[in-house]
Amino acid sequence: MDLFENDRSYADNLSTFIDILMDNFDYSGVMITDRSKILHWRHPDIRLTVDEMTELPLIAVHAMNSGQLETMETPPEGSVWEAALNDNYSAAVPFAVNGQVRGSLVVWVKRTWFQKTIELEFIRIVHNLILFQLSKRELSKQLELTSQAELKALQFQVNPHFLFNALNTISFVCREDSERAVKLLRVLASYFRYSLKQRNFMTPLADEIQHVKDYLRIEEARFEEKLDIRFYEDTESDIPVPILILQPIIENAIRYGISADGYRHVTVRVSRLEGGVSVRIRDRGPGIPEEVLADIAADNDIDDHIGLTNVNRRLKAIYGNEGGLQITSDGDGTVIEIDFYGERQDEQGDR
């Protein structure tokens with residue numbers, strides 16, 4: 001396994017680190033290896049290129065096998081190193097990350113210099129500095145992968161009943177209007193194609209809006225005149241937003257936003273903000289109970305409104321705690337607003 005896993009910027013930093021060691025200390029040569037090959041090295045007396053040095057120095061192999069600092073007075077007889085290093089001592093320390101040896105640091109020094117114990121201790125300090133950076137990088141990578149996995153799981157927690165309800169609706173429409181049923185099947189295919197094809201966590205807002213419209217066309221066929229959808233787009237934008245972030249909110253509004261007249265009134269408005277876009281989703285239902293709002297804000301798991309909880313968690317994971325859902329709810333209905341800005345507050349993707 002490559003010690004740097006094709007991370008050129010990190011590898012270049014270690015190459016610069018080697019130059020600093022050579023320019024400021026009495027080392028006659030410094031090398032960094034992974035398990036099988038030389039990655040970076042500098043020794044003025046060695047004229048060979050990295051490509052010509054097809055084998056690791058024996059001292060590096062010894063250190064990686066033993067898992068500890070190793071020293072050697074002279075290079076093995078007949079090795080490519082013998083002529084240049086016959087008046088050098090060498091020392092090597094292994095890099096072990098998460099219990100696995102990933103490479104080594106090798107230094108060469110003149111024999112008279114290497115007799116001092118303090119220099120060996122300094123080699124250990126240099127080794128620990130590099131190992132700390134490797135471990136920090138490994139931890140950062142693992143945290144990023146964990147975060148991506150959590151986001152991916154939240155991303156695809158779509159109501160499993162939706163597919164059943166959609167197919168049941170289309171089956172019913174087939175008996176009355178086969179041409180309309182075919183159109184609805186195409187809409188359903190578009191809906192799931194969008195969900196399944198996405199590999200990133202962010203998508204243009206325009207694509208997310210189209211996905212919502214596909215969802216609403218299927219729900220309109222299901223509820224017919226009992227569903228009143230009003231969609232207002234005061235602005236168009238390709239600003240990046242988290243994928244599948246809007247549909248669970250609208251699904252929640254349709255499910256719980258039944259007004260006193262028995263209709264489900266849902267309004268979606270997309271408006272421009274300074275530096276971003278606001279999406280407001282409103283229903284005219286009885287409102288969300290205070291204790292449920294508190295659970296959503298606290299990221300508590302709740303059976304009802306699970307879509308809102310998941311969306312709120314995703315938004316906070318991407319934008320920070322201040323980037324969650326803005327919910328206003330009373331007996332006249334519920335308004336949920338999300339503000340999207342051009343600059344993400346946090347990385348996570350791409351994964």
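In the predicted model, arginine 314 is buried but takes part in no salt bridge. The nearest side chain of opposite charge belongs to glutamate 208, at a distance of 6.4 Å, whereas a salt bridge would require a side-chain nitrogen within 4 Å of a carboxyl oxygen. A polar atom of the arginine 314 side chain does, however, lie 3.2 Å from the backbone oxygen of leucine 244. Arginine 314 is located in helix 11, which spans residues 306-319.

Helix 11 also contributes to one of the aromatic contacts. Two aromatic pairs were identified in the protein. In one, the ring centres of tyrosine 191 and tyrosine 215 are 6.2 Å apart and the planes meet at 35°, so the arrangement is classed as tilted; this class covers angles that are neither under 30 degrees nor over 60. Tyrosine 191 belongs to helix 7 (residues 178-197) and tyrosine 215 to helix 8 (residues 205-223), and the pair therefore ties together parts of the chain separated by 24 residues in sequence. Both partners lie under the 20% limit for burial: tyrosine 191 has a relative accessibility of 1%, and tyrosine 215 likewise has a relative accessible area of 1%.

The other pair is formed by tyrosine 319 and phenylalanine 340, with 6.5 Å from centre to centre and 55° between the planes, and is also tilted. Here tyrosine 319 of helix 11 is linked to phenylalanine 340 of strand 12 (residues 333-341), a distant part of the chain 21 residues away. Tyrosine 319 and phenylalanine 340 are both buried.

Aromatic rings are further involved in contacts with charged side chains. The charged end of lysine 213 is placed over the ring of phenylalanine 231, at 5.3 Å from the ring centre. In a second case, the charged end of arginine 269 sits over the ring of tyrosine 232, with 4.5 Å to the centre of that ring.

Burial was also examined for helix 9, which comprises residues 247-256. Of its 10 residues, eight are buried, so the helix is largely enclosed by the rest of the structure. The buried positions run from Gln247 through Pro248, Ile249, Ile250, Glu251, Asn252 and Ala253 to Ile254.

Across the whole protein, 11 helices and 12 strands are present. Of the 351 residues, 46% are buried. The accessible surface amounts to about 18500 Å², and carbon and sulfur atoms account for 49% of this area.

Conventions. Residues are numbered from 1 along each chain as its sequence is written. This is a predicted model: local features need pLDDT of at least 70, side-chain atom pairs count only at pLDDT 80 or more; totals for chains, interfaces and linings use all residues. Side-chain values use heavy atoms; hydrogens and water are left out. Helices (H or I, at least four residues) and strands (E, at least two) are DSSP runs, numbered from the N terminus. Buried means under 20% relative accessible area, exposed over 50%, partly exposed in between (1.4 Å probe, protein chains only). Lys and Arg count as positive and Asp and Glu as negative; His and the chain ends are not counted. A polar contact is a pair of N or O atoms within 3.5 Å; within protein, one must be able to donate a hydrogen and the other to accept it, and residues adjacent in sequence count only if both atoms are side-chain atoms. Rings of Phe, Tyr and Trp (its six-membered ring) pair if their centres lie within 6.5 Å; planes under 30 degrees apart count as stacked, over 60 as edge-to-face and the rest as tilted. A charge sits over a ring if NZ of Lys or CZ of Arg is within 6 Å of the ring centre and within 35 degrees of the ring normal. Accessible areas come from the Shrake-Rupley method with a 1.4 Å probe; for residues, only the protein chains shown count as cover.
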